[in-house]
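Visitor: Got a minute to walk me through this one? I'd like the basics before the details.
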Amino acid sequence: MIRRLLLTAALAALALVSPLHAQSTRPWLEWRSIRTEHFDVHYPTELEAWTRDVVSRLEGIQPVVAASVGSAPERRVTVVVDNPAGEANGSAYSFLRTPYILLYPTPPEARSVLGHTRSFVEQLLVHEFAHIAHLSRPSRNPFTRFMSIIDPRGVGPLTGAPRWVKEGYATYVEGRLTGSGRPHGVARAAVLRQWAIEGRLPSYAQMSAESGSYQAGGMAYLAGSAFLEWLAERRGDESLTQLWRRMSARQGRSFDQAFAGVYGGTPQEMYGFFTVDVTAHALEARRRLAEAGLVVGDTVQRLTWGTGDPAVSPDGQHLAVTLRGPSAAFSRIVVWRTEAPAADSAEEAERRRLLERDPEDVPPVPVRPRPRAALATLRPADGLPYEGARFLPGGDELLVVRSAPIGGGATRPDLFVWNWRRNTIRRVTRGASIRAADPAPDGRRAVAVQCRDGFCGLVMVSLRDGALTPLAPGGVDVVYDRPRFSPDGSTVAAAMQEGGRWKLVVVDTAGGPPRVVHDDARGSAFDPVFTADGQGLVAVSEAGGIANLARVDVRTGEATPLTRVTGAATAPEVDRRTGEVYFLSLHAGGQSLHRIHPDSARPGPFAALPAALAPAAPRVAAAAPDTFPRGPVPASRAYGLGPRWTRVLPLGAAYADGGSAGFIVYNADPVGRLAVAAQGAWGDPGLERGGSLAAVWRGMRPALAAEAFYLAHEPSRLAAYDLTGRDARYAGAALTARNQWSAGRRVQEWRLGASAGRLDMGEGEDGSRVFGFGRYYATDGRRVGAAYSAGVLTLSGAAGETVGERWGRGMVTTAFGAGWGGLGLRAEATLGRVSTAAPVWEQWTVGGPAPLLVDEGVLGQRVAMPALRWGALEGPDLLTYRVSTSVGFLTPYFWGGTTDPSYDRWLRVAGVELLTTVPAFRAAGSPAIRMLAGLAYGLDAGYENDVTAYLSVSYVP
């Protein structure tokens, strides 16, 4: 029975783990709540202005989205607003019992695929609530409905649909109901058009990928929404609702079966037809553009992934570019010479040798510029990359931006100055939330975009002390982006989003309101930079439905095209010495660096692609929908302890001595301020049984935890060893304070606690146990491309009195790991010592699982090793080591340990295990989960040739 219950616990834990994404809030802030008819909104007071705008829109959006999707959640929706990383994002968790939306209040940049919208708040809310309305549709199948009740997540049948369906449909609704968003944006059309032209459209399986190649993770949104539009055009909008109804029907069906019943073919078959149409439209777009005359400039460097904006030094001798890769670890800023690299003598010599050996051979034809050698490279710090390089007047320093920790795991982007010749970094601002910056010609100040509390405005920054001066404030629907100084430093040009369109403005640095210099009803304009003479701007214009470079006259606002590309041309930078314009050109592998001289560019008028070529051209809304009605904003109230959610989850452990199993009743709030957990377990003879009640308060820093417990443990009933003096019934309580500081891969944590209780050890040996304990944990890592390394140090100790005997105990653990890609090696060692006079109960005991019911500090003498029976090693001295590697999700390891003061008697184990840990998940109302499964082979006496399987599921409130 215990083993079956434990298996259920493992399956329940896996159910919780499998669909979860990273999610964090800062519960120690001052939170408030607003309640509307269908929503409960919780937010920190610093984000009140942005949140009140959100609340005013929610009830107007709810019925429109529900009617379009054909369903609505049966429960109230919790909306949490927080800003831990200063990024544009949102998440929806469609749990049937606790539908939950998390909003990050930072507007997107103009160039982002999210940038084409009449209101980012509106787009964000429509998209995320569409997820909730869509995926919370309940099943009409009685068995499936019953399983959704006992499933800890409580999810509906549509949650099992492919990723492209879930993200693509929310994006489809976003475009259909707002008349803007990604389906109507230039960015989606550019990606699908260029990928089709190059024969690189994703396969059906790749459409749901989250990584793997440039834009791979975005294809679920871009290609997914376009595929659904294509299906709806052929079978009608109601066909999508019919698909959801078939997926949730009483008759059980897979997604493929439900799809085929509506569209007459499998999704793979229909997607094949869709890609043919997209490719045909893309090729027609290329033909039209070629007839008008392509103007793409010269390739300076063929690059991949998402290249950052180029910067040219004042003397025109150097270029700085941000190069990116599959993850932040690959990001770096490089400095190159602007002149093309000379011919490689070694390469020429190799060509000569090739022809000498075989005169009829054909050497490779150079079709792309030679790779440039980096004069200097700036790599990530603490796992956080630098971005947005801009040369200061001297040319030896660059102004750069990097996110930095502000405490509690939150980060904000700040300004730094990098001297690339000496490779030194100087920090300029702290916690300023600077997204982009450009230094003034005098080098003493910079203009920057500051995104704070949901609003992005322009500020002046002193490069001497980081002091900020407002220049142009942002608002809910007024956003500034990518400012650039004029050559004389008197004005600043920037992009401003207002009324759903990006336009070009100039602002006098001495003060005054921004002045619009270019506003084209045909499309947005952004990424401005002054020409060398200061009389004009080079910017990106979307007037023809394609992002191209244009020259804009500051006095008249007239725009003249400079490029005509099939993909997208963005991020112009003017070399003020030569007048040449560097820019980024989109291709299916990333963004390459190109260059063009305005005098040689004569593309003629903007070339417009007809909407009939959608999705290879921007989709045009049949009629711009009316703005969703706004409603009154109810009065807010203090968050207090928040609404309470309760979960019942199984727990347990099984190893060589048997097993134990039980349940946790967990009660928490959506922000994570207060968690209460009651746990209980019963097991085989000789294993820990009992229960505990714990509460954790995270409404302050450090967090405080209190617990009371009762444990009954009789290891003498285990026949393997003589464990006299270890039996006990233990009742007590503990209080712990805990704080963590993190910055990228650098994490530190300290814990201090005290405990008091009573031990009943039988035979008249009973008395109190009073002690204090502490723990310090630190880890730091580095990653350069696919190579990584990390070190860990843990110091822990305890001291107190047990049944009248005083004792002290200390332990140090060190670990180091290194690897390349998915291959890694980790080595760790633990050394511990207990005072000579310590009672037997306080000495080291190695073997068995980690404690299930109490904080690990309460039973700090227990050293978990589930491949061994409880008490396999015991004594006042401890030394263990472990060497492990990784093979996919599995971790093969070799472990050895001893408690022999002379280190003569060792127990060694070889095994493989799977460890899954997930932090507390607010949206599901679940505690932190730790699930361990393994198989081990004994190598020494008592375990020689023994094979042991073990499994445990535990929770941390």
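Guide: Terms up front. Strands are DSSP runs of E, at least two residues, and helices are runs of H or I, at least four residues, numbered from the N terminus. Two strands pair if DSSP finds at least two bridges between them.

Visitor: And the ground rules?
Guide: This is a predicted model: local features need pLDDT of at least 70, side-chain atom pairs count only at pLDDT 80 or more, and totals for chains, interfaces and linings use all residues. Residues are numbered from 1 along each chain as its sequence is written, and side-chain values use heavy atoms, leaving out hydrogens and water.

Visitor: Which residue in strand 26 is opposite Ala550?
Guide: Pro561. Strand 26 covers residues 559–561 and runs antiparallel to strand 25, with three bridges.

Visitor: What about the hairpin there?
Guide: Five residues lie between strand 25 and strand 26, and Gly557 has a positive phi near 80°.

Visitor: How many bridges join strand 24 to strand 25?
Guide: Six, also antiparallel. Strand 24 is residues 536–541 and strand 25 is residues 548–553. Leu537 has Val552 as its bridge partner. Six residues separate the strands in that hairpin, where Gly545 takes a positive phi near 85°.

Visitor: New topic. Where's Thr36?
Guide: In the loop between strand 1 (31–35) and strand 2 (39–44).

Visitor: Is Thr36 buried or exposed?
Guide: Buried, at 11% relative accessible area. Buried means under 20%, exposed over 50%, partly exposed in between, with a 1.4 Å probe and protein chains only.

Visitor: Which residues does Thr36 touch?
Guide: Beyond neighbours within four places in sequence, Thr36 contacts Val55, Glu59, Arg76 and Pro634. Contact means heavy atoms within 4.5 Å.
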